[in-house]
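Please work through the two exercises below with the sequence and the 3D structure at hand, trying each task before reading its solution.

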Amino acid sequence: MENVVNFVMDMAMEKVGAESGSVLFADVNGRELYFATARGPKANEIMDYRVPMGKGIVGFCTREGVSLAISDAPNDPRFYKAISESLGYETEGLVCAPIQYEGRVYGALELMNKKSGTGFTADEMNALSYMGRQLAQYVHDTIMRREKIE
């Protein structure tokens, strides 16, 4: 699972061209999102943080099962400033997509600060959404295989 999550994160970072990114999964109780992997200047520092379900843009996308591209994230009322402020990392724009398969949301993919300096496009959001669906199908299939084995 770890290898697949890292592969998807690296592919998203490369194809979309972001400064940083992360894959977050919901905990077993569905109350928080935890970082499964991260890339960027604060990647190592962010791994211990948790995001309450429904908080921030990533929590919103996970709870609602929708993708968003936001060019001015700090001024969006859903933006969860606590982590950015704690890390001293300035988020400008971001794109986020749920990791969702057959109505079940496992978490989200999030990319921040497009390298080219422009905002994230609808095509990039759609590409990230596709990656999220494929990762979710892998997660779903892995869970189903484990349940059949046990």
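The exercises that follow concern a predicted model, and they turn to a cavity and then to a residue.

**Exercise 1.** Describe the largest cavity by its volume, and find out which residues and elements line it.

*Solution.* Begin with the count, which shows that the structure holds one cavity of 30 Å³ or more. The next step is the volume, and for the largest cavity this comes to about 300 Å³. Turning to the lining, one finds 27 residues, and those that lie nearest the centre of the cavity are Ile46, Ile83, Ser84, Glu110 and Met112. Two or more lining residues are given by each of strand S1 (18-26), strand S2 (32-39), helix H2 (43-46), helix H3 (56-64), helix H4 (81-87) and strand S6 (104-114), and the largest share, four residues, comes from S1. Sorted by class, the lining finally divides into 16 nonpolar, seven polar and four charged residues.

**Exercise 2.** Locate Thr91, decide whether Thr91 is buried or exposed, and list what Thr91 is in contact with beyond its neighbours within four places in sequence.

*Solution.* First, place Thr91 in the loop between H4 and strand S5 (94-101). Second, compare its relative accessible area of 3% with the cut-off of under 20%; Thr91 therefore counts as buried. Third, leaving aside neighbours within four places in sequence, Thr91 is in contact with Ala73, Pro74, Phe79, Ser84, Met112 and Asn113. Last, look at Ser84, whose side chain makes a polar contact with the side chain of Thr91 at 3.3 Å; Ser84 and Met112 also appeared in the first exercise, among the residues nearest the centre of the largest cavity.

Terms used: Residues numbered from 1 in each chain as written. Predicted model: local features only at pLDDT ≥ 70, side-chain atom pairs only at ≥ 80, totals over all residues. Heavy atoms only, no water. 1 Å grid on protein atoms, 1.4 Å probe; cavity = no way out; pocket = protein on both sides within 12 Å on 5 of 7 lines; lining within 4 Å. Points joined across faces, edges and corners; volume = space filled by probe spheres on them. Nonpolar A, V, L, I, M, F, W, Y, C, P; charged D, E, K, R; others polar. Buried < 20%, exposed > 50% of the residue type's maximum accessible area, 1.4 Å probe, protein only. Polar contact = N/O pair within 3.5 Å; in protein donor to acceptor, adjacent residues only side chain to side chain. Contact = heavy atoms within 4.5 Å.
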